Amino acid sequence: LSACCSTGIPFDGGLRCLCWKILLNYLPLEKALWSSLLKKQRDLYSQFLKEMIIQPGIAKANLGVSREDVTLEDHPLNPNPDSRWNTYFKDNEVLLQIDKDVRRLYPDMAFFQRPTDYPCLLILDPQNEFETLRKRVEQTTLKSQTVARNRSGVTNVSSPLKTTPNSLSEYEVLPNGCEAHWEVVERILFIYAKLNPGIAYVQGMNEIVGPLYYTFATDPNSEWKEHAEADTFFCFTNLMAEIRDNFIKSLDDSQCGITYKMEKVYSTLKEKDVELYLKLQEQNIKPQFFAFRWLTLLLSQEFLLPDVIRIWDSLFADEKRFDFLLLVCCAMLTLIRDQLLEGDFTLNMRLLQDYPISDVHLILKKAKELQDSK
């Protein structure tokens, strides 16, 4: 299977969606096991929604306990660290960061702003009065200043009163009972953050989940498409299990961290093209200036979405798990070697941060040549 997929998977008939689910260890190769496994996982995901998205207080109110009684035992000002409300407010900090990032997913495509054909009935059921994450963000944004922490630990405090270009008002609000695709992605990331408190949510994870969700949510087979949210969640979780070390700052300098991988791009380049390697060294162009983003986000920011998806066919099919990504990075460097050898520091930095070649087939072909020339 890996060998077939590495040369690109046809989209027809939902073949890519199926292959990705197998390559990301969500589905076994044995077809007979699929239906029971899918049912089990999708039920489990519904359970996560019930436990993690639904606001404290509401569940009890629905059991015939009036709202007032609920607050006796646990109320929003309860200082106890185990208080469900305390968790709720802590979660809101993570949610605000996720919300800001998912609204910006692939702004050049209308897809993520469009309503999904399969909104989450569990949450949107008017009988339930469960609040959606979007409502929760709207309420929280009104109450607080938004604090955004980026990867380098710098904190920007932006007042919600100053509307930024990404503010809530910029997007058309879908009518009640509808959900935009970005809201589904938000929910997937929020549940992931709740289930993985050690890493929670780090900026950039939105760029990893986006192409997965897009692929599954456009599956031509509607029976699969209907469950895009749950299937994306589990495939994203499995993919993150393999690449999460890139997102953990404290591991940056360890053997499994991102610094080691960035150095590896340069040591591979040195092997394949020593002249280019020396030029970049001489100009003091460090791999973290560009390879950090390339590696951490699996090139999802460097190309248009259909091209990212084609690259991911090859990456997911790589049995050594992302060794091929290092070769793709090297291929990207060697394909612009003439410009890099002539350019000065500023020019070269511009080339690397806004990569000029858009033909991913050419890049993958070059990476394959580098792989075969070992």
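In this predicted model, the buried residues of helix α20 are V360, I363, L364, A367 and L370. Viewed down the axis of α20, these residues fall within an arc of 115°, so they line one face of the helix. The other side of α20 carries H361, K365 and D372, which are exposed. The helix itself comprises 13 residues, from 360 to 372, and its first and last C-alpha atoms are separated by 18 Å, close to the 18 Å expected at 1.5 Å a residue. Among the elements that cover the buried residues of α20 are α13 (258-272), α16 (305-316) and α17 (323-335). At the start of α20, a side-chain oxygen of D359 comes to within 3.0 Å of the backbone nitrogen of H361.

A comparable description can be given for helix α3. Its 19 residues (34-52) should span 27 Å at 1.5 Å a residue, which agrees with the 27 Å between its end C-alpha atoms. Buried positions in α3 are W34, L38, Q41, R42, Y45, F48, L49 and M52; they cover an arc of only 105° around the axis and are therefore placed on the same side of α3. The face turned away from this buried side bears the exposed residues S35, S36, K39, K40 and E51. Packing against the buried residues of α3 are α2 (15-23), α7 (121-124), α9 (181-195), α11 (222-225) and α12. R42, one of the buried residues of α3, lies over the face of W224, at 5.8 Å from the ring centre. In another arrangement of charge and ring, the charged end of K21 sits over the ring of F216, 4.3 Å from its centre.

The loop between α12 (228-243) and α13 contains N246, which counts as buried because its relative accessibility is 3%, under the 20% limit for burial. The side chains of N246 and K261 are joined by a polar contact of 2.8 Å.

Aromatic pairs in the model number 18. F111 and F112 form an edge-to-face pair, with 4.9 Å from centre to centre and 85° between the planes; F111 counts as buried at 10% relative accessibility, and F112 counts as buried at 0%. The rings of Y266 and Y277 have centres 6.1 Å apart and planes at 85°, so this pair is also edge-to-face. Because Y266 lies in helix α13 and Y277 in helix α14 (residues 274-282), the pair ties together parts that are 11 residues apart in sequence. Both Y266 and Y277 are buried, and ring pairs link them with F290, W294, F303 and Y355 into a cluster.

Definitions and conventions: Residues are numbered from 1 along each chain as its sequence is written. This is a predicted model: local features need pLDDT of at least 70, side-chain atom pairs count only at pLDDT 80 or more; totals for chains, interfaces and linings use all residues. Side-chain values use heavy atoms; hydrogens and water are left out. Helices (H or I, at least four residues) and strands (E, at least two) are DSSP runs, numbered from the N terminus. The expected span of a helix is 1.5 Å times one less than its number of residues. Buried means under 20% relative accessible area, exposed over 50%, partly exposed in between (1.4 Å probe, protein chains only). The arc is that of the directions from the helix axis to the C-beta atoms. Contact means heavy atoms within 4.5 Å. A polar contact is a pair of N or O atoms within 3.5 Å; within protein, one must be able to donate a hydrogen and the other to accept it, and residues adjacent in sequence count only if both atoms are side-chain atoms. Rings of Phe, Tyr and Trp (its six-membered ring) pair if their centres lie within 6.5 Å; planes under 30 degrees apart count as stacked, over 60 as edge-to-face and the rest as tilted. A charge sits over a ring if NZ of Lys or CZ of Arg is within 6 Å of the ring centre and within 35 degrees of the ring normal.
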